[in-house]
Amino acid sequence: MTKQTNKFISFVMKHQLTALLVIAVIIAFVFTVVGLSLYRSSGTAQVDLSRPGLEGVAGEEDSIQSTKNFAEYSANGTVSEQSLSEFESLIKPHIESLSKLVFFGGDPLAPESLGLDDREESFEQAEE
Amino acid sequence: MMKKITLALVVFVAAVAAGFAFAGSASAQQSSVFSERHKLRIVESCTSAKASLARLHKTDTSMRVNRGQFYEFIGSKLMARLNSRLAINKIDSSKLIVKTSEYEQALGEFRDTYRAYEEQLVATSQVDCHSNPVEFYQEVAKARASRAVVQQKVADINRLINEYYQIFVEFRAEYTKASQGVRLD
């Protein structure tokens, strides 16, 4: 071992508690960075309703509909006419609901919708 | 040797300067596309536009959560379960499995595109539209394009669910036909 390594080891031995704290902080920092990057990259952030700016979304009436009450199909059992019609009865209402509702529809970010368009009449209206 | 190094340095500095000049002129050109009247209009509508963005963020987030849960449910609690049950009973369900795989892929793309859209929406909300009306307008346009992609992904997923169902209906008809044939024999 070199002289410098010996010096470093003796320094650490002298300040064991401080070294422990520093290592703990470094480990916590690394885990926080990894956790946050996973939180962002996995898409969890997009369904986290406790983020700033989204307060109240979870509490709004009918805003969040749970799928807990939806009936599930069993992966076990025999295949028969009955089991296939059971599957159909489970999936059909969902298929029908797809055509009834439009999601992410409309164009709320169009310049006209936000009042950012350059039309003369809209500008005059804004001036009035 | 020194001359070569000097020449290389001069070329490098000139290239960097040209790059900056090009970027600057492009930015100026983009900015000049907007008339003063249009910029004024953006600044005037800025506060209400930001409020609309905040509202849209909230409604789209709840829609994302609802749709995400719904699509996850369809994929894992219905499609995958049926595929698994057919496989356990050694019944060929390759068409259904392929469609489920396409569905899972589309669902992943939906998550990714929504993330990109949401990040763009947040970035747009953070632009100071009073001092940078042109930048704000351009960021709104980017968010609008991202939202259109999300809309397209939702349409793709809905189409795949319908296609899965059609394959299931065909499968069921074939199964009924085959089982009736077995009974007749």
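**Exercises: a disulfide and an interface**

By the sulfur-distance rule (a pair of cysteine sulfur atoms within 2.5 Å), the count is 1 disulfide over all chains. This is a predicted model, where local features need pLDDT of at least 70 and side-chain atom pairs count only at pLDDT 80 or more. Residues are numbered from 1 along each chain as its sequence is written.

**Exercise 1.** Find the cysteines that form the disulfide, and place them in the chain.

*Solution.*
- Step 1: Cys46(B) pairs with Cys129(B), with sulfur atoms 1.7 Å apart.
- Step 2: Cys46(B) sits in helix α2 (residues 36–88) of chain B, and Cys129(B) in the loop between α3 (94–126) and α4 (133–184) of chain B. Helices here are DSSP runs (H or I, at least four residues), numbered from the N terminus.
- Step 3: The two cysteines are 83 residues apart, so the pair links distant parts of the chain.
- Step 4: The link is right-handed, with 45° about the S-S bond.
- Step 5: Cys46(B) and Cys129(B) are both buried (under 20% relative accessible area, 1.4 Å probe, protein chains only).

**Exercise 2.** Describe the contact between chain A and chain B.

*Solution.*
- Step 1: 59 residues of chain A touch 65 residues of chain B (heavy atoms within 4.5 Å).
- Step 2: About 6000 Å² is buried between them, 62% of it from carbon and sulfur atoms. That is accessible area (1.4 Å probe) lost on being put together, summed over both.
- Step 3: Phe104(A), Leu109(A) and Leu116(A) supply 15% of the area that chain A buries against chain B, more than any other three residues.
- Step 4: Count 7 salt bridges between the chains (a side-chain nitrogen of Lys or Arg within 4 Å of a carboxyl oxygen of Asp or Glu). One joins Glu88(A) and Arg172(B), at 2.2 Å, N to O.

Notes
Chains lettered and ligands numbered in written order. Heavy atoms only, no water. Buried area = accessible area lost by both parts, 1.4 Å probe. Buried < 20%, exposed > 50% of the residue type's maximum accessible area, 1.4 Å probe, protein only.
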